[in-house]
Amino acid sequence: MSLQVEVLEQSFDAIKPHADGFVASFYDNLFTANPEARPLFDTTDMEAQKKKLLSSLVLVVESLRKPDVLNGALRGLGARHVKYGALPEHYPLVGGALLTTFEQYLQEKWTPEVKQAWVDA
Ligand code: HEM
């Protein structure tokens, strides 16, 4: 598996004009599909959280061509998530909510190729 960098960049660019709605829908999708994940965010300022999620997604997509930056960013994020109580089995749920949200926002641009690129990423 190698990252389809161009596909990821282009499809993410199409999200950017709708970024605020995208991150709001992401948490709606996450908590609707997985109500048990809600308590992890009980004391979280969700407006701030949406902004942080968006900046981390932007950072990741902008670092796809810079493996050292990407590696450092993801390791830092992963280490902090241990403290937040995120468990390995939560990641597929978050990944699933992300894919659902991409599908909702990209609509006809959510082609099998784009889907596969995000599943791999
Ligand atoms: C690709 C996966 C994920 C990304 C990009 C992501 C992104 C973020 C970001 C940027 C923050 C803000 C603080 C920081 O930078 O450390 C954060 C906090 C948090 N995340 Fe995630 N996250 C991911 C997966 C998960 C998973 C699987 C869970 C568990 C359900 C989770 C639960 C939390 C919690 C509880 C916080 C703390 C909120 C607070 O400060 O109160 N995240 N996440």
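**Exercise 1. Where does the ligand sit in this predicted model?**

*Solution.* Start with the pockets: the ligand occupies the largest pocket. Next, see which elements surround it. Helices α3 (46-62), α4 and α5 (91-106) each give two or more residues to the shell around the ligand. Then sort that shell by class, and you get 8 nonpolar, 5 polar and 2 charged residues. Finally, pick out the nearest ones: of the 15 residues around the ligand, T44, R80, H81, Y84 and V94 come nearest.

**Exercise 2. Find the protein donor to the ligand's iron atom, and place it in the fold.**

*Solution.* Look around the iron for N, O and S atoms within 2.8 Å, the cut-off for a donor here. The protein offers a single one, NE2 of H81, at 2.0 Å. Now locate that residue: H81 belongs to helix α4, which covers residues 67-84.

**Exercise 3. Which side chains put an N or O atom close to a polar atom of the ligand, using a 3.5 Å cut-off?**

*Solution.* Take the ligand's oxygen atoms to begin with. One lies 2.7 Å from a side-chain N or O atom of T44. For Y84, the distance from a side-chain N or O atom to a ligand oxygen is 2.5 Å. Then turn to nitrogen: a ligand nitrogen is 2.8 Å from a side-chain N or O atom of H81.

**Exercise 4. Work out what A86 touches, leaving out residues up to four places away in sequence.**

*Solution.* First place A86: you'll find it in the loop linking α4 and α5. Its contacts on this count are H81 and Y91, and H81 is the iron donor from Exercise 2. As a last step, check L40: it is 46 residues from A86 in sequence, yet their C-alpha atoms are 8.1 Å apart.

Conventions:
Residues are numbered from 1 along each chain as its sequence is written. This is a predicted model: local features need pLDDT of at least 70, side-chain atom pairs count only at pLDDT 80 or more; totals for chains, interfaces and linings use all residues. Side-chain values use heavy atoms; hydrogens and water are left out. Donors are N, O and S atoms within 2.8 Å of the metal (3.2 Å for Na, K and Ca); water is not among the atoms, so sites may look incomplete. Helices (H or I, at least four residues) and strands (E, at least two) are DSSP runs, numbered from the N terminus. A residue is near a molecule or strand if one of its heavy atoms lies within 4 Å of it. A polar contact is a pair of N or O atoms within 3.5 Å; within protein, one must be able to donate a hydrogen and the other to accept it, and residues adjacent in sequence count only if both atoms are side-chain atoms. On a 1 Å grid over the protein atoms alone, a cavity is a set of points where a 1.4 Å probe fits but cannot get out, and a pocket is an open set with protein on both sides within 12 Å along at least five of seven lines; lining residues have an atom within 4 Å of a point. A molecule sits in a cavity or pocket if more than half of its atoms lie within 2 Å of its grid points. Ala, Val, Leu, Ile, Met, Phe, Trp, Tyr, Cys and Pro count as nonpolar, Asp, Glu, Lys and Arg as charged, and the others, Gly among them, as polar. Contact means heavy atoms within 4.5 Å.
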